[in-house]
Amino acid sequence: MIIPDARYHSELVAYMINTIMECGKKSTAAAIVYGALEDIQSKLKDEDPLTVFTRAIENIKPKLEVKSRRVGGATYQVPLEVSSKRQTALACRWLLQYSRGRRGMPMRRSLAIELLDAYTNQGSAVKKRDDTHKMAQANKAFAHYKW
């Protein structure tokens with residue numbers, strides 16, 4: 001069970017802090033997330049940063065993914081629906097991956113930029129979700145192999 005964070009009282013923000021945390025440095029991870037939310041607040045004056053954050057995560061969450069199944073010597077990519085907990089985990093992981101991939105700027109700024117891109121349905125994390133959905137759609141013929 002995740003305890004909601006102190007500032008926004010949101011389990012999603014607490015989950016993101018825990019995802020960013022490396023080597024047990026939770027205060028550093030919290031400073032990054034809160035700083036990114038402050039950057040969002042300064043860029044979008046009329047929007048609540050928590051609403052922007054939640055909408056960005058919702059835009060990244062995948063509904064379908066593919067898993068490899070070995071059937072009679074052949075390996076098939078079988079499309080499966082994604083549980084809500086895994087959707088959130090994948091969304092946070094992808095957001096973090098592409099934020100870390102932006103070199104030459106502080107993590108706080110790169111996370112804020114990725115969140116703003118995801119909020120407007122753009123950016124690398126949204127493209128990753130779309131690619132995942134396309135892969136599942138392309139392999140729809142093998143859906144009967146799921147078990």
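**Exercise 1.** Which residues does V13 touch, not counting residues up to four places away in sequence?

*Solution.* First, know the model. It is predicted, so local features need pLDDT of at least 70, side-chain atom pairs count only at pLDDT 80 or more, and totals for chains, interfaces and linings use all residues. Residues are numbered from 1 along each chain as its sequence is written, and side-chain values use heavy atoms, with hydrogens and water left out.

Next, fix the term. Contact means heavy atoms within 4.5 Å. Now list the partners. V13 touches D5, V33, Y34, L37, L50 and F53.

**Exercise 2.** Describe the largest nonpolar core and say which helices supply it.

*Solution.* Start with the definition. A nonpolar core is a set of buried Ala, Val, Leu, Ile, Met, Phe, Trp, Tyr and Cys residues joined through side-chain atoms within 4.5 Å. Buried means under 20% relative accessible area, exposed over 50%, and partly exposed in between (1.4 Å probe, protein chains only).

Then find the best-connected members. The largest core has 34 residues, and V13, M16, I20, V33, F53, I60 and L111 touch the most other members.

Last, assign the helices (DSSP runs of H or I, at least four residues, numbered from the N terminus). At least two core residues come from each of α1 (11–20), α2 (26–43), α3 (49–60), α4 (84–101), α5 (107–119) and α6 (124–138). The largest share, eight residues, belongs to α2.

**Exercise 3.** Compare the surroundings of D39 and I40 in α2.

*Solution.* Take D39 first. Its relative accessible area is 14%, so D39 is buried. Leaving aside neighbours within four places in sequence, D39 contacts R108, R109 and A112.

Now take I40. Its relative accessibility is 1%, so I40 also counts as buried. Not counting residues up to four places away in sequence, I40 touches P49, V52, A112, L115 and L116.

**Exercise 4.** Work out how α1 and α4 are arranged.

*Solution.* Two packed helices are described by the angle between their axes and the distance between the axes. Axes are lines fitted to C-alpha atoms, for helices over the stretch in contact; angles run from 0 to 180 degrees between N-to-C directions.

Read the values. The axes of α1 and α4 come within 10 Å and cross at roughly 50 degrees. Classify the angle: under 35 degrees is roughly parallel, over 145 roughly antiparallel, 65 to 115 roughly perpendicular, and the rest oblique. Therefore α1 and α4 are oblique to each other.

Finish with the residues. L12, Y15, M16, T19 and I20 in α1 meet T88, A89, C92, L95, L96 and R100 in α4.
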